[in-house]
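Please find below a colleague's note on the model, set out as numbered points on one helix and on the pockets.

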Amino acid sequence: MLLSVRDLHVSYGSVHAVHGVSFDVEKGEIVTLIGANGAGKSTILNTIAGLHSPDSGEILYQGTNIAPMGAHQVVRQGLALVPEGRRIFGNLTVYENLRLAGFQVQAATFNQRLKRVFEYFPRLEERRTQLGDTLSGGEQQMLAVGRALVTGGEFMLLDEPSMGLAPILVQQIFGILEEINAQGTTILLVEQNAHMALKIASRGYVLETGTIVLAGPSGELASSPEVQKAYLGG
């Protein structure tokens, strides 16, 4: 198993946000966490990425417990976070954002990864000298995904990639995520657009108030009356 989360508990001050969550992600999969706002999805992703320390539990990546590690150590393990809200550097160019993400990478390797990013996102190559805060929302999301790719990580943590995007751009971004996955990158996807998430994921977990309440293959979850009623408008 590539990633195993075991009995994870996470708090923010006195608020117990994640209650004993356990799940697995196999190499090469796209697995999604779905749920309403406040369900704990982003908290789980940020904790895996080393941005928040858990109260207890294990996060095993390739057999190593990364729960005590900081974000810089987690990246070195091969995990890359695409955060909610993009969080690109608006005062830097597209190229500078990408180079900063790959600052520890040798020039030749970085150039190979940059070429790959531009193959996925030709718009970024067109905008390579443009400042981040002048990009459209869709272009900023492309850049956020591109930053994760240049780190060379084999496991991508994606937090709400469809947020604020027009439907046609959502289709485009999700199509590229499928391509990235087909090239060997494992993806753990947090997404409020349950329809799109379940469409590209092989398996999913449904969270409510910090607890997993349903789990299974995406097709089963999509046909579940509870999921349809709560997340698919059924």
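**Helix 7 and the pockets**

1. Helix 7, where a helix is a DSSP run of H or I with at least four residues and is numbered from the N terminus, is followed by G184, whose phi is positive, near 115°. This is a predicted model in which local features need pLDDT of at least 70 and side-chain atom pairs count only at pLDDT 80 or more, while totals for chains, interfaces and linings use all residues. Residues are numbered from 1 along each chain as its sequence is written, and side-chain values use heavy atoms, with hydrogens and water left out.

2. The buried residues of helix 7 (buried meaning under 20% relative accessible area, exposed over 50%, with a 1.4 Å probe and protein chains only) are V170, I173, F174, I176, L177, I180 and N181. Seen down the helix axis, they fall within an arc of 160° (taken from the directions from the axis to the C-beta atoms), so they line one face of helix 7. The face turned away from that buried side carries the exposed residues I168 and A182.

3. The largest pocket has a volume of about 710 Å³, a pocket being an open set of points on a 1 Å grid over the protein atoms alone, where a 1.4 Å probe fits, with protein on both sides within 12 Å along at least five of seven lines, and lining residues having an atom within 4 Å of a point. Of its 25 lining residues, the closest to the centre are A71, V75, L81, A101 and T151. Helix 2 gives the largest share of this lining, five residues.

4. The second largest pocket has a volume of about 150 Å³. Of the 13 residues that line it, N37, G38, A39, G40 and S42 are the closest to its centre.

Technical notes. Helices (H or I, at least four residues) and strands (E, at least two) are DSSP runs, numbered from the N terminus. Grid points are joined across faces, edges and corners, and a volume is the space filled by probe spheres set on the points.
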